[in-house]
Amino acid sequence: MRHDHLLSAHQLSREDVDRVLDRAAEVAADPGAFRDRHAGKLLALCFFEPSTRTKMSFDAAMKRLGGETVDMGGVESSSVKKGESLADTVRVIEGYADGLVLRHPSEGAARMAAEFVDVPLVNAGDGAGQHPTQTLLDLYTIRETTGLDDLTIGIMGDLKYGRTVHSLATVLTNFDARQHFVSPESLRLPRGVRFDLHEAGAQVREHTDLDEVLPDLDVLYVTRIQRERFPDENEYHAVAGEYRIDAETLDAAKDDLTIMHPLPRVDEIAPEIDHTDHARYFEQAHNGVPVRMALLDLLLEGDE
């Protein structure tokens, strides 16, 4: 990699993406060849927010590379509860590990933390900001199913607070992709994200109705309405459940439409979709291991 840290999707050029995804394909094809690549290395997992897929897949990825992980544990059981600053926390943990993975509820936390450490640091989600490793596994899934060029993708749901959306939309500007964003007016893309996409020359359209664009889509990327991000509970209830995909919804879709979701889902995709050829979201989650193995391999390789 060209970078010591992975903090934002803005860092990722097409060359970077191709390098990670190509390495991930090698890992998926022959995981045994990477079994001892980083024996003796330690990866610190610093999660200030709950996580299932991201945390466990980083844990699995490091162990499948022959390394080990050390886990900060929950905030309630750490010195953060005593008032320790993030800067002090990462400076201490840096002394225990060869790399850090950080999830934090504050946007920009990973960028700030990276200023205090010399080992590679990976942003595993910073509030409503960025989630670049989710984007890498999303792109890997799209590349394996439909391809990344001449792509028409719809991204639907919580576009205001959805960090997976912000990262994915940013990196897709490196590809020949037409992006359609579907959301309630109150959950549209933030103005800053829209500005960056237009500055990058992205082909962007915004909609409130999925029916307007569904027949044209190669990929539909669905996100949940993130209750925990809303400053006002009434605002959440006003939009919760507004967009839901079921079998009837897909009558107008292409036969080979790929449906993705970063998970967890609530009720935005009906379980009946799980057993169709459209559903790729569990495969998408499983792709987190080879993709994060590839990323860690490249970052730790560069560190050496």
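This briefing describes the fold, the nonpolar cores, one buried histidine and one pocket of a single protein chain. The model is predicted, and its chain is built from ten helices and nine strands. Of the 304 residues, 56% count as buried, and the accessible surface comes to about 13200 Å², with 45% of that area belonging to carbon and sulfur atoms.

**Overall contacts**

- When contacts in the chain are restricted to residues at least 6 apart in sequence, 73% of them join residues at least 24 apart.

**Nonpolar cores**

- In soluble globular proteins, nonpolar side chains tend to be buried together.
- The largest nonpolar core in this model holds 54 residues, and within it Ile153 and Phe181 have the most contacts.
- Helix H10, spanning residues 288–303, gives the most to this core, contributing nine residues.
- A second core, separate from the largest one, has 19 residues, among them Leu217, Ile245, Leu250 and Ala253.
- Once neighbours within four places in sequence are set aside, Phe181 is in contact with the nonpolar core-type residues Ile155, Leu159, Val165, Ala169, Leu189, Leu197 and Val204, and its contacts also include Arg205, Glu206 and His207.

**Helix H6**

- Helix H6, which covers residues 163–172, is mostly covered, with ten of its ten residues buried.
- The buried residues of H6 include Arg163, Thr164, His166, Ser167 and Thr170 as well as Val165, Leu168, Ala169, Val171 and Leu172.
- Two residues of H6, Val165 and Ala169, are among the contacts of Phe181.

**The surroundings of His261**

- His261 is found in the loop that runs between strand S9 (258–260) and helix H9 (281–286).
- His261 counts as buried because its relative accessibility is 1%, and the cut-off for that class is under 20%.
- The side chains of His261 and Glu268 are joined by a polar contact of 2.6 Å.
- Not counting residues up to four places away in sequence, His261 touches Glu268 and Ile269, and also Val222, Thr223, Arg224, Tyr281 and Gln284.

**The second largest pocket**

- Rolling a probe the size of a water molecule over the atoms shows where empty space is left.
- The second largest pocket contains about 200 Å³ of space, and its lining is made up of 16 residues, of which Ser8, Glu107, Asp126, Gly129 and Gln130 lie nearest its centre.
- Helix H4 (109–114) and strand S4 (121–126) are the elements that give two or more residues to the lining of this pocket.

Key:
Residues are numbered from 1 along each chain as its sequence is written. This is a predicted model: local features need pLDDT of at least 70, side-chain atom pairs count only at pLDDT 80 or more; totals for chains, interfaces and linings use all residues. Side-chain values use heavy atoms; hydrogens and water are left out. A nonpolar core is a set of buried Ala, Val, Leu, Ile, Met, Phe, Trp, Tyr and Cys residues joined through side-chain atoms within 4.5 Å. Buried means under 20% relative accessible area, exposed over 50%, partly exposed in between (1.4 Å probe, protein chains only). Helices (H or I, at least four residues) and strands (E, at least two) are DSSP runs, numbered from the N terminus. Contact means heavy atoms within 4.5 Å. A polar contact is a pair of N or O atoms within 3.5 Å; within protein, one must be able to donate a hydrogen and the other to accept it, and residues adjacent in sequence count only if both atoms are side-chain atoms. Accessible areas come from the Shrake-Rupley method with a 1.4 Å probe; for residues, only the protein chains shown count as cover. On a 1 Å grid over the protein atoms alone, a cavity is a set of points where a 1.4 Å probe fits but cannot get out, and a pocket is an open set with protein on both sides within 12 Å along at least five of seven lines; lining residues have an atom within 4 Å of a point. Grid points are joined across faces, edges and corners, and a volume is the space filled by probe spheres set on the points.
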